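Please explain how the cysteines, the ligand surroundings and the nonpolar core are arranged in the structure shown here.

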Amino acid sequence: MTTLSALNDRYAIAGQVTFEAEPNGLVLAKVRNPHASAQICLQGAQVIQWAPLNEHPVIWLSKAAKFMPGKSVRGGVPVCWPWFGPHASDTRFPAHGYARTVEWDVIETAALADGRTLLVFRLRESAPTREQWPHDTPLECRITVGDTLEIELSTKNNTDSTVTITEALHTYFEIGDIGKVSIAGLEDTEYLDKVDGGQRKLQHGPVTIAGEVDRVYLDTRAEVFIEDLELQRKIHISKRGSDSTVVWNPWQAKADKMGDLGEAGFRRMVCVESGNAAENTVTIAPGEEHLLWVSYRVERD
Ligand code: BG6
């Protein structure tokens with residue numbers, strides 16, 4: 001167990017990175033540099049805030065988010081790993097895996113020459129994580145904070161056999177109003193419609209949202225962008241090592257049941273998740289590493 005002062009002694013960067021505790025004990029890395037500001041919760045290595053300088057926040061965090069040890073924080077960039085969605089066979093195991101609800105260790109911070117800040121985290125394994133995933137597959141997350149936000153998730157297979165995972169960077173983007181956004185870049189691709197029994201459908205034109213949406217777009221590797229008429233900006237999402245794109249908004253009724261989306265929170269967020277889900281599984285050979293990489297940037301109209 002690293003104490004807060006030991007963490008600051010070793011990894012704080014004067015004027016750029018500090019580590020602070022939330023009242024209930026969760027620790028946040030607070031980052032500020034000439035390009036942007038960000039906050040990352042050490043539980044889950046979860047980015048909970050990122051805004052380029054003089055820009056409206058890009059990453060949405062629910063006003064009703066609960067910062068509780070062992071509970072996923074609603075908003076930000078939860079890391080879903082080593083499975084996406086429900087566990088394939090064991091209902092005792094949590095949806096979207098355990099990476100988002102356990103502590104990660106900081107293993108590096110660096111002020112880069114161009115003014116950006118790098119933070120590297122490694123998932124801390126324990127008896128409960130090994131019970132759910134008895135494979136030696138260290139997971140690291142490299143986060144680079146600048147006027148773009150880059151996140152790279154690295155899964156190493158240190159075992160003697162192939163390992164298969166699903167995963168996602170489950171990013172909640174802040175938008176002006178859900179009725180005034182469209183998501184481009186998924187046209188003419190196939191998706192599994194989870195609000196219609198998982199049926200396979202074809203996307204016609206950009207995605208617009210006027211009710212609950214929960215879709216896994218398959219074999220989608222191109223850049224996606226969220227056009228936001230209200231905030232008058234476009235959020236560009238580039239990725240590598242990701243064959244699936246998940247689009248999710250729970251809409252009113254489901255949001256009310258969830259209890260941590262906040263008052264009308266569903267109108268201010270949309271999840272566009274880069275990952276490998278459903279049939280887009282990732283198989284990692286012994287000794288190999290798989291990288292899932294995303295980059296987000298804002299273009300102003
Ligand atoms: C999405 C899934 O990625 O995450 C949805 O496709 C799910 O089915 C949503 O409801 C939120 O999941 P959770 O576990 O964070 O409430």
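Cys141 is buried, because its relative accessible area is 0% and a residue counts as buried under 20%. This value, like the others below, was computed from a predicted model. Cys141 also raises the matter of disulfides, of which the structure holds zero. The closest cysteine sulfur to that of Cys141 belongs to Cys80 and is 12 Å away, which is too far for a bond, because a disulfide requires two cysteine sulfur atoms within 2.5 Å. Cys271 is likewise in no disulfide, as its nearest cysteine sulfur, again that of Cys80, is 9.1 Å away. With a relative accessibility of 0%, Cys271 counts as buried.

Both Cys80 and Cys271 are in contact with His170, a residue that may serve as the next point of reference. His170 is found in the loop that joins β11 (residues 167-169) to β12 (residues 172-174). Is His170 buried or exposed? Its relative accessibility is 5%, and therefore His170 counts as buried. Leaving aside neighbours within four places in sequence, the residues in contact with His170 also include Gly76, Val77, Pro78, His96, Trp248 and Glu273. With Glu273 there is a polar contact between the two side chains, at 3.4 Å.

His170 and Glu273 lead on to the ligand, since both are among the residues that surround it. The others in this group are Arg74, Phe84, His96, Arg100, Lys194, Asp214, Val246 and Trp248. Which distances separate oxygen atoms of the ligand from N or O atoms in the side chains of Arg74, Lys194 and Glu273? For Arg74 the distance is 3.1 Å, for Lys194 it is 3.0 Å, and for Glu273 it is 2.9 Å. Taken alone, the ligand exposes 400 Å², and the protein buries 80% of that area.

The last part of the picture concerns the nonpolar residues. In soluble globular proteins, nonpolar side chains tend to be buried together. In this model, the largest nonpolar core has 65 residues. Within that core, Trp50, Trp104, Phe173, Ile183, Ile226 and Val270 touch the most other members. Ile183 may be taken as an example of these residues. Apart from neighbours within four places in sequence, Ile183 is in contact with Pro206, Val207, Ile209, Val224, Phe225, Ile226, Val247, Val270 and Val272. Two of these partners, Ile226 and Val270, are themselves listed among the core residues that touch the most other members.

Key:
Residues numbered from 1 in each chain as written. Predicted model: local features only at pLDDT ≥ 70, side-chain atom pairs only at ≥ 80, totals over all residues. Heavy atoms only, no water. Helix = DSSP H or I, 4+ residues; strand = E, 2+ residues; numbered from the N terminus. Buried < 20%, exposed > 50% of the residue type's maximum accessible area, 1.4 Å probe, protein only. Polar contact = N/O pair within 3.5 Å; in protein donor to acceptor, adjacent residues only side chain to side chain. Contact = heavy atoms within 4.5 Å. Near = heavy atom within 4 Å. Areas by Shrake-Rupley, 256 points an atom, 1.4 Å probe, with all protein chains shown as cover. Core = buried A, V, L, I, M, F, W, Y, C linked by side-chain atoms within 4.5 Å.
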